[in-house]
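I set out to look up two topics in this entry: aromatic contacts and metal sites. My notes follow in the order in which I consulted them.

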Amino acid sequence: MQSPAVRGAPQWLRGLLSEEFFDSCAAHQSERKNDKNHFCVDCAAALCRHCLPHDASHNILQIWKYASCFVVRVDDLKLFDCTGIQSHTVSDHEVVFLNERTARKRSVASAENPCAACARPLPSAHDYCSIFCKVKHLGENEQGLRRALRGSRKGTAAEAGGKASSCETGRSCGGSLRKRSRKQAEPTRAPLF
Ligand SMILES: [Zn+2]
Ligand SMILES: [Zn+2]
Ligand SMILES: [Zn+2]
């Protein structure tokens, strides 16, 4: 439904950002608990639990809901660099929103750091509210989006084994962000004498 803005993105990313997760799976209409809460990157398709096990060589993402929105775990998203996207810690896992979030409250106080794509106010040190907004913003410049994509699955196979793979570049992907990070967010203004 948001396809025009993510035109420059690869098919799997467009699919991920436009899919209506948690709807019932068309292939398993008669089954219980057939909500689509997985996404196959290789097939660019949403899957329900009855679609699994899927092809073992395919890269499957689990989709979660947080604050009524779709989120993915940063650690699961091997092919996209989440640096700069506001993240949240849910059950000890760092997650990011898939889609642009509706700007419910426009807080004047925090508007000095708006999302680069949708202008939603963000905590400092974040550039985007969601994967969608990062893709949309970077998509205005082809090179920019290419840089955020982590190449082919073959190229990342070795990296996938290393647990630090998603942390090396990200100031917001380091897993250190907690809801109570406000304390450390305030820059010290002590003059350097
Ligand atoms: Zn697949
Ligand atoms: Zn299914
Ligand atoms: Zn945004």
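Entry 1, aromatic pairs. I counted four aromatic pairs by the ring-centre rule. I note at the outset that the model is predicted.

I took up Phe 21 and Phe 70 to begin with. Their ring centres are 5.6 Å apart and their planes stand at 90°, so I recorded the pair as edge-to-face. Phe 21 belongs to the loop between α1 (11-18) and β1 (36-40), whereas Phe 70 belongs to strand β5 (residues 69-73); the pair therefore ties together parts 49 residues apart in sequence. I found both Phe 21 and Phe 70 buried.

I then turned to Phe 22 and Phe 70. This aromatic pair is stacked, with 5.9 Å from centre to centre and 25° between the planes. Here too distant parts of the chain are linked, since Phe 22 sits in the loop between α1 and β1 and Phe 70 in strand β5, 48 residues apart.

Entry 2, exposure of the rings. Is Phe 70 buried or exposed by its relative accessibility? The value is 13%, and because buried means under 20%, I entered Phe 70 as buried. Phe 22 has a relative accessible area of 25%, so I entered Phe 22 as partly exposed.

Entry 3, surroundings. I recorded one aromatic cluster formed by Phe 21, Phe 22, Phe 39 and Phe 70. I also noted Lys 65 over the face of Phe 22, at 5.0 Å from the ring centre.

Entry 4, zinc ion (ligand 1). Which residues coordinate the zinc ion (ligand 1)? I listed Cys 40 (SG), Cys 43 (SG), His 54 (NE2) and His 58 (ND1), at 2.0 to 2.2 Å. The four donor atoms subtend angles of 106 to 113°, which makes the arrangement tetrahedral. Along the chain, the donors of this zinc ion (ligand 1) have the spacing C-x2-C-x10-H-x3-H. I checked the two histidines for exposure: His 54 counts as partly exposed at 27% relative accessibility, and His 58 counts as partly exposed at 23%.

Entry 5, zinc ion (ligand 3). I found the zinc ion (ligand 3) coordinated at 2.3 Å by Cys 115 (SG), Cys 118 (SG), Cys 129 (SG) and Cys 133 (SG). The site of the zinc ion (ligand 3) is tetrahedral, with angles of 103 to 123° among its four donor atoms. I wrote down the sequence spacing of its donor residues as C-x2-C-x10-C-x3-C. Of these donors I looked up Cys 129 and Cys 133, and both are buried.

How values were computed: Residues are numbered from 1 along each chain as its sequence is written. Chains are lettered from A and ligands numbered from 1 in the order in which they are written. This is a predicted model: local features need pLDDT of at least 70, side-chain atom pairs count only at pLDDT 80 or more; totals for chains, interfaces and linings use all residues. Side-chain values use heavy atoms; hydrogens and water are left out. Donors are N, O and S atoms within 2.8 Å of the metal (3.2 Å for Na, K and Ca); water is not among the atoms, so sites may look incomplete. Four donors count as tetrahedral if all angles lie between 85 and 135 degrees; four count as square planar and six as octahedral if opposite donors are over 155 degrees apart and all others between 65 and 115; anything else is irregular. Buried means under 20% relative accessible area, exposed over 50%, partly exposed in between (1.4 Å probe, protein chains only). Rings of Phe, Tyr and Trp (its six-membered ring) pair if their centres lie within 6.5 Å; planes under 30 degrees apart count as stacked, over 60 as edge-to-face and the rest as tilted. Helices (H or I, at least four residues) and strands (E, at least two) are DSSP runs, numbered from the N terminus. A charge sits over a ring if NZ of Lys or CZ of Arg is within 6 Å of the ring centre and within 35 degrees of the ring normal.
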